[in-house]
Amino acid sequence: MADETRLIRAGGAPRALAKTVGPPIQKGSTVLLPDAAALYDDEHYVTYGRQGLSAHDALREALAVLEGAVGVSLYPSGLAALTGAMLAVLKTGDEVLVTDAIYKPTRRFCDHLLKRFGVKTTYFDPRTAPQALVAGASDKVRMIVMESPGSLSLEMQDMAQVAALAKDRKILTVADNTWGAGLLYKPLDHGVDLSVQALTKYVGGHSDVFMGSAAARDPALVRALTDGVHHMGWSVAPEDAYQMLRGLRTLPLRLARHGESGLAIARGLAVQPEVASVIHPALPGAADHELWARDYSGPCGLFSFVLKPGPEAAVEAFLDALELFGLGFSWGGFESLAIHCDPQLKTRKFKRDYGGPLIRLHIGLEDPQDLMADLRAALSVYARAVG
Ligand SMILES: Cc1ncc(COP(=O)(O)O)c(C=O)c1O
């Protein structure tokens, strides 16, 4: 044969793969089928790489173990997982109830794309009692979307009770469980139908890979999620799936440290003269503490606090004085981050007076005493700027 042909045939798949601790990062759009009959046998064969190969299978399997799920679908981002879970089951004419504390881009999806396709969204106060929430749902409501704790203001919903009441009305429940990371809280164990998380945050843990997952127990829902991914044509890179699997191995250890340090800093902030209040559900006496203590096995590193009232310029001076906290819109990585939340709260339907500027912190894996010293120094800059 000529070189052209020999070079195309040479160096194909190796005979047998050596066994390593992690799965092989198998790359491929084309999948070669063993015989002609297999070409159209989607029941028994992966026929195209977009369906996912070895690293994707391994990650889906590990996430199913973590979530107590029958099936898990992967998405190119956490936002895509949320929108994907909704698109998988909603149809024109349906209505959805969504917590007012939802991640803002999810709200954008509801207000624009879902609306365009004839699905109506009604936002509910995150602290609405479950009975009132479900009793107030019209017969067109097909889904209730919760995020608990909300990722800025940390209000919680009793997701177990909402799920139980919604089931009686044949309404599906969805949890954005990025705060619980599938470890601190397990939505499916509490009767929630669809557990969604941005793996981008704690599972990835290094602020460098995007991915999301949606997990379900009901085989019909698992099928709907899988079909939704196929219909939309979403796929994730095998290297990224491998990275997420690697993140899962150390998730419990990292989360324990994030949570411990976060709680220590929350306690430290609560006694600072410039701080009006700390919003952290794991703090005894916090508004949602009893609900949190009932359902969660520990905290993560994300919480907020309220500065005593001061002008915008003083809030900016506080943030700019931080040396160890990056200013950035994410969380779940090894590094500490801070943002000012007030501009984002303006889009909410139910405005709440927190009593001063709301600051969100993500506590990373640095030494908590160093972080506290950094916060104390920035708080004294705030005090001077307020005057
Ligand atoms: C609560 C919550 N859900 C979902 C997402 C979306 O994740 P991604 O950035 O992977 O789309 C985020 C991102 O900040 C988030 O905070």
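Begin by selecting Asp176 together with the ligand: a nitrogen atom of the ligand lies 2.6 Å from an N or O atom in the side chain of Asp176, a polar contact in the sense of a pair of N or O atoms within 3.5 Å. What you are viewing is a predicted model, in which local features need pLDDT of at least 70 and side-chain atom pairs count only at pLDDT 80 or more, while totals for chains, interfaces and linings use all residues. Residues are numbered from 1 along each chain as its sequence is written, and side-chain values use heavy atoms, with hydrogens and water left out.

Next, add Lys201, where an N or O atom of the side chain is 2.7 Å from an oxygen atom of the ligand, and then Gly78, where a polar backbone atom is 2.7 Å from an oxygen atom of the ligand. The ligand taken alone exposes 400 Å², of which the protein buries 94% (accessible areas by the Shrake-Rupley method with a 1.4 Å probe).

Now widen the selection to the 14 residues around the ligand, of which Gly78, Leu79, Asp176, Thr200 and Lys201 come nearest; a residue is near if one of its heavy atoms lies within 4 Å. This shell divides into six nonpolar, five polar and three charged residues, with Gly counted among the polar ones. Its largest share, three residues, comes from helix H3 (residues 78-89), helices being DSSP runs of H or I with at least four residues, and strands E runs of at least two.

From there, show H3 with helix H7 (residues 219-232): the two pack at an angle of about 110°, their axes 8 Å apart, with axes fitted to C-alpha atoms and angles running from 0 to 180 degrees between N-to-C directions. H3 and H7 are therefore roughly perpendicular to each other, a label for angles of 65 to 115 degrees. Ala85, Leu87, Ala88 and Val89 in H3 meet Leu221, Ala224, Leu225 and Met232 in H7, contact meaning heavy atoms within 4.5 Å.

Finally, select Pro149, in the loop between strand E4 (141-147) and helix H6 (159-168); the peptide bond from Ser148 to Pro149 is cis, with omega near -10°.

Terms used. A polar contact is a pair of N or O atoms within 3.5 Å; within protein, one must be able to donate a hydrogen and the other to accept it, and residues adjacent in sequence count only if both atoms are side-chain atoms. Angles under 35 degrees count as roughly parallel, over 145 as roughly antiparallel, 65 to 115 as roughly perpendicular and the rest as oblique.
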